[in-house]
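Me: I have a chain to look at and some terms to sort out. Can we go through them one by one?

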Amino acid sequence: MTPKKPQILYSPMLASFGGGSARGFNPGGGDLYAFSSFTFTNAGQTGRTGPSLAQCQSAYSGEAFLSGFFTMTTTGYQKWTVPRTGDYTFIVKGAESGASTNQGSVTGKGAILSGFVISLNESDVLTLVVGQTGPTVTFSGGGGGGSFVVNGSTLLLAAGGGGGGGFYNPDQNGQNASSTLSVTNSTSSQGGSAGANNGGSGGAGFSGDGSNSYSNGGGHDFSNGFEGGVGSGTSRANGGFGGGGAGGAGTAANAGGGGGGYRGGDGQQGASPWSNGDASTNARDTNVTAGTVSTNNSGHGSISITAPT
């Protein structure tokens, strides 16, 4: 009797939080499935929580990897199985922030990491976190979520989200993600600080929640689901999924939340001199070949992957 080929979708190894490798499920050799390139998105989801598995399956309908090579065990953590061994090219975009409709402040743009090359093995399971925009509301905009590529527990790439814009002063425009690129573990991946004077909440870093500000929440890190921070009331926005910080009330002005990133961005100050603090940062693993970094992404984040030729 010919043994049946095991089905990877229900493998206990794929049900683990960290993902990692699911080797040994392709005894016949060759690619696990046909794949040339694809862009993973927010699948139509908005706000502080990521998309569900059902939303992703609907948005990605017809893709070959849906037949046993794509799953989700934590909301918004898209687990994709690598179809063959080789060098894959990535474009990773962090999300734009929100701003104030009353003052008309400008949003902060997310980072774009282009042309980064990662050597992957067949059956590696990557966790893909796609950042979502921080909402624009009456007073204080939410921080944009960062986007992250993780293999098991190893962070491979992080693209920062934009910092939110505030209300009252023209200097309270949102802050773009940083254009600098760190090597993981060479600098801190902590959460951002809350802005002084009850300012905006901090965005999450990869391994640290953002700081809360008064009754407005900082963004949550990778181990805590990368949810955006919770704002107090409809006029102070939640942060975007991917660790964006919530907007703050301020003692003299409403202030935007920090963006999620490798290190989370700081929230805006709630009084003069209206400082934005440090922007969210970007990072790559030491084994990832660096490409270029820009800071002009508008809208939600995304992760584009191109297979080796």
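Reply: Start with the sheet. This is a predicted model. Five strands make an open sheet, in the order 2-13-5-6-12, with antiparallel pairing.

Me: What makes strand 2 and strand 12 stand at the edges?

Reply: Count partners. Strand 2 (37-40) and strand 12 (292-297) each have a single partner strand, so one side of each has no neighbour in the sheet. From one strand to the next, the twist averages 20°.

Me: How do you know that strand 6 and strand 12 pair?

Reply: Pairing takes at least two bridges. Strand 6 (residues 110-120) and strand 12 are joined by four bridges. Four meets that cut-off, so they count as paired. The two strands run antiparallel.

Me: Which residue of strand 12 is the bridge partner of Gly110?

Reply: Asn297 is the bridge partner of Gly110.

Me: Why is Ser61 called exposed?

Reply: Exposed means over 50% relative accessible area. Ser61 has 60% relative accessibility, so Ser61 counts as exposed.

Me: Where does Ser61 lie?

Reply: Ser61 is in the loop between helix 1 (53-59) and strand 3 (70-71). Its C-alpha atom is 30 Å from that of Val288, and the two residues are 227 residues apart along the chain.

Me: What is the mean pLDDT of the protein chain?

Reply: The mean pLDDT is 90. In the chain, 91% of residues reach 70 or more. Residues 1-25 have pLDDT below 50. Beyond near neighbours in sequence, that stretch has 54 contacts in the model.

Conventions:
Residues numbered from 1 in each chain as written. Predicted model: local features only at pLDDT ≥ 70, side-chain atom pairs only at ≥ 80, totals over all residues. Heavy atoms only, no water. Axes fitted to C-alpha atoms, helices over the stretch in contact; angles between N-to-C directions. pLDDT = per-residue confidence, 0-100. Contact = heavy atoms within 4.5 Å. Buried < 20%, exposed > 50% of the residue type's maximum accessible area, 1.4 Å probe, protein only.
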